[in-house]
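Q: Please take a close look at how the helices in this model pack against one another. Once that is clear, go on to the surroundings of the ligand and to any backbone details that deserve attention at the bench.

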Amino acid sequence: MNPLLIHCGFRLLSPALSRMNPETAHKLTIQILKRLPQKTPQNQNPLSQKLLNLTFPNPLGIAAGFDKNAETLNGIFQLNFGFAEIGTITPKPQMGNPRPRIFRLPKHQAVINRMGFPNDGMEKIRERLVKTQPPQSIIGVNIGANAESANMEDKIADYEKTLHAFANHASYIAVNVSSPNTKGLRNLQRPDNLAKLLNRLNAIRQSRVPLLLKISPDLSDQELQEIARLALEKKLDGIIATNTTIKREGLVDGIHAEETGGLSGKPLASLANQTIRKFYQMTNGAIPIIGVGGIASAEEAYEKIRAGASLLQIYTALVYDGPRIVSAILDGLEALLKKDGYRHISEAIGADHRPKGEKERRRHAARHLPQPNMARKPSWRARRIAPFPFSPHQLKILK
Ligand SMILES: Cc1cc2nc3c(=O)[nH]c(=O)nc-3n(C[C@H](O)[C@H](O)[C@H](O)COP(=O)(O)O)c2cc1C
């Protein structure tokens, strides 16, 4: 289906959707997307990359929480996403927290949610995934623990069960230890608990499905440093930075600002960017980062790439801007790369960490040097007059 038609459809519906209860609006969006036909993802060349042993047609994915139950994968790829992350999925089905549990903060282009992992459970979702996964699509599976699994041991066992269920069906597994809406879940980010969890998951990861860890934006530098150390030691394949924040700095939207839950969208962007930047530095760029949190434009996407993210995800921007945001970000990203003289996205990843301007200066110089096959042969006169490769002036500088 023509993306323009999808965009026009959502534009017509948008005023009604934004007046609806956020959860009803989300359900309706899922129902519409479910009806869209299949589409094979197209490689968008300067943006297509091989990472985690997968070929990503473009770097922009839909973040976890949007399609928790793998109900609308065809629709997601119709919108031009390069990959999708389903979940969070728990071993047993569960209802999540009582409603209302999603709140819009339009002044901030933000959302607060305390969903608490409502999902159909791993068996049913796996069945659906196997039946409906579009060919060649990249689907990450985000896994978590049931609310009733109160102690650390039970929680770790839940991750083992879900990893086991999806190891042969997922393109990658995202281990969600950062949702603020399941009691005690974030304690799994503590070094002793995290080491235990990663050891246990590594032990049952026979199929070598890539394992990524989704972290919180609310970690102290010391906590992040410990996670970076463990990520290297336990050979994690990637990090997803970040989940929602429990901080409320700078919020003036009086109605919902004090609701309990995780804040996403614009106010999260700088916290997420700082986490990406620090993690990239702490690991010397050795571990791929999926950057997520407050992206709503190509410029914001590019900022995360330059800070160290190799891939990106969005969720809240879809609520406010509709599906047109996907192509707008991808087209804008290509233009920004070109403007800075990059031929491929991989050249821009972590660019902010390299000596300022050095790469750009070299690239600029390279562009203005004659190409080897175009270099003009010096004339016989020049050859006679300048027997040395350097002029006296250049020799003076070299001395
Ligand atoms: C309504 C809602 C539900 C979410 N559910 C999940 C979830 O189940 N698992 C998860 O890892 N992240 C979940 N997230 C967090 C997003 O995946 C993402 O990390 C966060 O929203 C920041 O990105 P954004 O600012 O582009 O929305 C949810 C976010 C929202 C808004």
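A: In this predicted model, helices α6 and α7 pass each other in a right-handed crossing. The residues that make this contact are Pro191, Leu194, Ala195 and Leu198 on the α6 side, and Glu226, Ile227 and Leu230 on the α7 side. Sorted by class, the contact holds six nonpolar residues, one charged residue and no polar ones. As for the geometry, α6 covers residues 191-203 and α7 covers residues 221-233, and their axes come within 10 Å and cross at roughly 20 degrees. Because angles under 35 degrees count as roughly parallel, α6 and α7 are described as roughly parallel to each other.

A second helix pair can be read in the same way, since two packed helices are described by the angle between their axes and the distance between the axes. Here the axes of helix α9 (residues 298-307) and α11 come within 8 Å and cross at roughly 60 degrees. That angle makes α9 oblique to α11, and the crossing of this pair is right-handed. On the α9 side the contact is formed by Ala298, Ala301 and Tyr302, while α11 contributes Ala328, Ile329, Gly332, Leu333 and Leu336. By class, the contact between α9 and α11 consists of seven nonpolar residues and one polar residue, with no charged residue.

Beyond α11, which spans 324-339, the chain runs through a loop towards α12 (358-368), and aspartate 352 is found in that loop. Leaving aside neighbours within four places in sequence, aspartate 352 is in contact with Arg306 and Ala307. Its C-alpha atom is 9.0 Å from that of isoleucine 305, although the two residues are 47 residues apart in sequence. Aspartate 352 has 15 C-beta neighbours inside 10 Å, and it therefore counts as partly exposed.

Turning to the ligand, 28 residues surround it, and the closest are Ala63, Gly65, Ser264, Tyr315 and Thr316. Four elements each give two or more residues to this shell, namely the strands β4 (83-89), β6 (110-113) and β11 (262-265), together with the helix α10 (316-321). In its composition the shell divides into 12 nonpolar, 14 polar and two charged residues.

Helix α10 also holds tyrosine 320. With 17 other C-beta atoms within 10 Å, tyrosine 320 is partly exposed. The C-alpha atoms of tyrosine 320 and alanine 296 are separated by 9.0 Å, and these two residues lie 24 residues apart along the chain.

Strand β4 brings us to the backbone details, since threonine 88 has its place there. A cis peptide bond joins glycine 87 and threonine 88, with omega at about 15 degrees. Another cis peptide bond runs from arginine 99 to proline 100, where omega is near 0 degrees. Proline 100 lies in the loop that leads from β4 to β5 (102-105).

Two asparagines call for a separate look at their phi angles. Asparagine 53 has phi near 65 degrees, a positive value in a residue other than glycine, and its place is in the loop between β1 (49-51) and β2 (54-56). Asparagine 80 also has a positive phi, near 85 degrees, and again the residue is not a glycine; it lies in the loop between α3 (73-78) and β4. Their surroundings are classed in opposite ways. Asparagine 53 is exposed because it has 11 other C-beta atoms within 10 Å, whereas asparagine 80 is buried because it has 22. The cut-offs behind this reading are 20 or more such atoms for a buried residue and 12 or fewer for an exposed one.

To set these parts in the whole, the chain contains 14 helices and 13 strands. Of its 399 residues, 43% are buried. Among contacts with a separation of 6 or more, 74% are between residues 24 or more positions apart.

Notes:
Residues numbered from 1 in each chain as written. Predicted model: local features only at pLDDT ≥ 70, side-chain atom pairs only at ≥ 80, totals over all residues. Near = placed C-beta within 6 Å. Nonpolar A, V, L, I, M, F, W, Y, C, P; charged D, E, K, R; others polar. Axes fitted to C-alpha atoms, helices over the stretch in contact; angles between N-to-C directions. Parallel < 35°, antiparallel > 145°, perpendicular 65-115°, else oblique. Left-handed = near helix turned anticlockwise from the far one by under 90°. Contact = placed C-beta atoms within 7 Å.
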